Amino acid sequence: MNDDRITTDRYVQIATLTLVAILAILAGMVLRSMAVVAIPVVMAIFVTLAILPLDRGVAAHMPKPLRWLGRAVVMIFLLLCIALFVGGLVYCVQRIAAQVPDLTEELGSILPGPHEAGPAGLWQDLRNLIDARSGSLSSAMLEGAAGLAQMFANAMGMMITGTVLVLFLVLLAVSEGDLWHSKVGEISSGRGARDWYDVFETMGTTLRQFILVRTFLGLLTAAVYTAWLWPFAIDLLLVWALLTFLLNFIPNLGSLLSGVLPTFYAFLTLDFGTAFLIGAGLLVIEQVLGNWVDPKMQGRRVSLSPLVILIAILFWGALWGVAGAFLATPMTLSIMIIANTIPPLRPVALLLSNECTHADLDKALACE
């Protein structure tokens, strides 16, 4: 009898996971087609959960007729953070784009000419391939740079447009925070309401910890990278520092890009030995910060599997582009927290986490 019950439970679990997978695929298709609306809404939800305690804390110190001033202060602070983030990205793209003509000349000088073919004609084949596609190395690089600049321009335009919508959504959501709190209590009375309150509190706490840790680690990594690059007299030092800080908000993949870009630039503008030394040093720094400092600071609360984070970045990046890459970790964190609250989906939460048992995961997500 017990064996039949265990078998039935397994079938139910398998069926549930299959249904979740199907629904996830369908949801992905819907989210991709509705990216223009979905991205601002999702971002507004995360921002609201993260800043709601700040809004309440400021309002608590204001007289009742002037509590709207506290909300205005919070919104100005949020707008300033977004402006600095977007402005930093735009500055980096502009400075790198300005260096493209010089980089094409450097790359052209690295490749041997038609009468200087290397072993087995490798260099000649490479040059012939480039010439066949674009007519010249310079035009190929410029076309690639133009396409990349266009992609970033589109992303920035979409980001700026979405930012305005996000700010309005956040303002409305924060203003109606108490109202929605009452609605949840009315719909899910008793124990159910308390569970969902805990879920939202856990999500907000986890998001705030994620943002604070990524910000500190970004500043620390940028400072260490700058200290390492300074003696080599590499150009665009401020750009590499800014990119390191900004890309740090994309775990794993962002740190890889922030190390590869200055190394590749050094390869084009300096000698091979110096570029190799720069790359090796950045790799060592990243390993120390990523494998020791980051886990120590992040703690157990943000307990996502590194493999899951990388897959999530690739998935959400393919789904929503640059915005998806930045939202991948908060999205996955939220899915893990919500799935851990619903009994049939607890196996999904455990698979997404970096824990071995459900008890460890519950402990990691427990509100402090």
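This report describes the helix packing, burial and selected local features of a predicted protein model.

**Overall make-up**

The secondary structure of the protein comprises 14 helices and 0 strands, and, when the chain is read along its sequence, the pattern is accordingly α-α-α-α-α-α-α-α-α-α-α-α-α-α. Of its 368 residues, 38% count as buried. Among the contacts with a sequence separation of 6 or more, 69% are made by residues 24 or more positions apart.

**Helix pairs**

Two packed helices are described by the angle between their axes and the distance between those axes. The table gives these two values for three pairs, together with the handedness of each crossing.

| Helix pair | Angle between axes | Distance between axes | Crossing |
|---|---|---|---|
| H9 (residues 237-247) and H10 (residues 253-269) | about 165° | 8 Å | right-handed |
| H2 (residues 35-60) and H12 (residues 306-341) | roughly 45° | within 11 Å | left-handed |
| H12 and H14 (residues 358-365) | about 120° | 11 Å | left-handed |

For the pair formed by H9 and H10, the packing angle is about 165° and the axes lie 8 Å apart. Because angles over 145 degrees count as roughly antiparallel, H9 is roughly antiparallel to H10. On the side of H9 the contact is made by Trp240, Leu243, Thr244 and Leu247, while H10 contributes Gly254, Ser255, Leu257, Ser258, Leu261, Pro262 and Tyr265. Sorted by character, the residues of this contact comprise 7 nonpolar and 4 polar ones, with no charged residue.

H2 and H12 have axes that come within 11 Å and cross at roughly 45°, and the two helices are therefore oblique to each other. The residues of H2 that make the contact are Ala35, Ala38, Ile39, Val42, Met43 and Phe46, and they meet Trp320, Ala323, Leu327, Pro330, Met331 and Ser334 of H12. The contact of H2 with H12 divides into 11 nonpolar residues and 1 polar residue, and no charged residue takes part.

H12 also packs against H14, at an angle of about 120° and with the axes 11 Å apart, which makes H12 oblique to H14. Here Met336, Ile337 and Asn340 of H12 are in contact with Leu361, Asp362 and Leu365 of H14. By character, the residues of the contact between H12 and H14 are 4 nonpolar, 1 polar and 1 charged.

**A long-range contact of H12**

Leu310 is a further residue of helix H12, and at 32% relative accessibility Leu310 counts as partly exposed. If its neighbours within four places in sequence are left aside, Leu310 is in contact with Asn252 and Leu253. Leu310 and Asn252 are 58 residues apart in sequence, yet their C-alpha atoms are 6.6 Å apart in space.

**The loop between H8 and H9**

Most residues other than glycine have a negative phi. Ala233, although not a glycine, has a positive phi of about 55°, and Leu236, likewise not a glycine, has a positive phi of about 60°. Ala233 is placed in the loop between helix H8 (191-229) and H9, and the place of Leu236 is in the loop between H8 and H9 as well. As for accessibility, Ala233 is exposed, with a relative accessible area of 60%, whereas Leu236 is buried, with a relative accessible area of 8%.

**Cysteines**

A disulfide is a covalent bond between the sulfur atoms of two cysteines. The structure holds 0 disulfides. As regards the surroundings of individual cysteines, Cys81 is partly exposed, with a relative accessible area of 35%, whereas Cys92, at 1% relative accessibility, counts as buried.

Note on methods
Residues numbered from 1 in each chain as written. Predicted model: local features only at pLDDT ≥ 70, side-chain atom pairs only at ≥ 80, totals over all residues. Heavy atoms only, no water. Axes fitted to C-alpha atoms, helices over the stretch in contact; angles between N-to-C directions. Helix = DSSP H or I, 4+ residues; strand = E, 2+ residues; numbered from the N terminus. Parallel < 35°, antiparallel > 145°, perpendicular 65-115°, else oblique. Left-handed = near helix turned anticlockwise from the far one by under 90°. Contact = heavy atoms within 4.5 Å. Nonpolar A, V, L, I, M, F, W, Y, C, P; charged D, E, K, R; others polar. Disulfide = S-S within 2.5 Å. Buried < 20%, exposed > 50% of the residue type's maximum accessible area, 1.4 Å probe, protein only.
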